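Thanks, everyone. I have a few minutes on one model, and I will take the pocket, then a helix pair, then the backbone. Please have the sequence and the structure open.

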Amino acid sequence: MDTNRPRPHLSRRRLLKGAALAVVPYALLPDAHAGAQGAVDYPPAEWQPATSGNYTASDRPASYAVDRVIIHVTQETYPNTLAIFQNPQKKVSAHYVVRSADGHVAQCVREADIAWHAGNWDYNTRSVGIEHEGWVDQPVYFTNALYEQSAKLTAAVCTKYGIPKDRDHIIGHYEVPGTDHTDPGPDWDWVRYIRLVNFA
């Protein structure tokens with residue numbers, strides 16, 4: 001650390017500007033980790049890795065064919081979801097999380113690895129799981145930005161693995177055999193979403 005440098009003079013304007021930024025909601029600020037993108041499979045995503053105890057290392061599609069995308073709703077906030085995936089006690093993860101306010105995408109598990117998101121091992125091995133910030137009974141979380149950015153992500157995944165962009169291959173968590181989950185819930189607009197995926 002260079003201690004001989006002159007200290008910057010903080011003007012009143014600069015202090016007020018800093019104070020104003022302190023009260024801006026997190027969703028309106030640029031991402032602090034935007035540069036940490038070396039590990040992502042989807043270039044617009046931010047790398048926010050799940051702990052290694054919450055997914056299975058693999059080498060898909062060599063080990064397992066990837067033939068579907070599973071749509072989830074977190075039942076949590078975006079930051080809490082990332083914290084859950086980073087907690088080794090939780091034993092859960094998804095490949096991606098989409099933030100409600102601005103559609104920002106975080107990647108938590110490499111697509112080559114098996115995220116623990118579907119509650120069904122067979123479906124976990126053959127799918128990419130995408131979580132969306134919000135609650136199934138609060139459709140206000142399903143913003144235009146969330147739909148649009150999630151659809152771009154899903155379209156990219158489908159193109160990469162040759163997955164048809166239809167409702168047989170882009171499914172809700174509630175459609176996974178053996179699940180007791182209801183997400184993304186009755187307020188998720190599937191017609192709109194599939195249309196966005198196809199036009200992305």
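I will start with the largest pocket, which has 17 lining residues. Those nearest its centre are V73, T74, V92, E131 and H181. Keep in mind throughout that this is a predicted model. The space in this pocket comes to about 270 Å³.

Which elements supply the lining? Strand β3, residues 68-73, and helix α2, residues 78-85, each give at least two residues. The largest share is from α2, with 3 residues. As for the chemistry of the lining of the largest pocket, 8 residues are polar, 6 are nonpolar and 3 are charged.

While we are in this part of the chain, look at the loop between β3 and α2, where Q75 sits. Q75 is not a glycine, yet its phi is positive, about 60°.

Now the helix pair. Helix α4 covers residues 144-161 and helix α5 covers residues 190-199. Their axes are 8 Å apart, and the packing angle is about 50°. Are they parallel, perpendicular or oblique to each other? An angle of about 50° falls outside the range under 35 degrees for roughly parallel and outside the 65 to 115 range for roughly perpendicular, so α4 and α5 count as oblique. As for handedness, the two helices cross in a right-handed sense.

On the α4 side, the contact is made by N144, Y147, E148, S150, A151, T154 and A155. From α5 come R192, Y193, L196 and V197. Sorted by class, this contact between α4 and α5 has 6 nonpolar residues, 3 polar and 2 charged.

Last, the backbone. Where are the cis peptide bonds I want to show? One joins R60 and P61, with omega at about 5°. P61 belongs to the loop that runs between β2, residues 55-56, and β3. Another is the bond from D183 to P184, which is cis with omega near 10°. P184 lies in the loop between β8, residues 170-172, and α5, and α5 is the helix we just saw packing with α4.

To recap the loops: P61 comes before β3, Q75 sits between β3 and α2, and P184 is between β8 and α5. That is what I have.

Methods
Residues numbered from 1 in each chain as written. Predicted model: local features only at pLDDT ≥ 70, side-chain atom pairs only at ≥ 80, totals over all residues. Heavy atoms only, no water. 1 Å grid on protein atoms, 1.4 Å probe; cavity = no way out; pocket = protein on both sides within 12 Å on 5 of 7 lines; lining within 4 Å. Points joined across faces, edges and corners; volume = space filled by probe spheres on them. Helix = DSSP H or I, 4+ residues; strand = E, 2+ residues; numbered from the N terminus. Nonpolar A, V, L, I, M, F, W, Y, C, P; charged D, E, K, R; others polar. Axes fitted to C-alpha atoms, helices over the stretch in contact; angles between N-to-C directions. Parallel < 35°, antiparallel > 145°, perpendicular 65-115°, else oblique. Left-handed = near helix turned anticlockwise from the far one by under 90°. Contact = heavy atoms within 4.5 Å.
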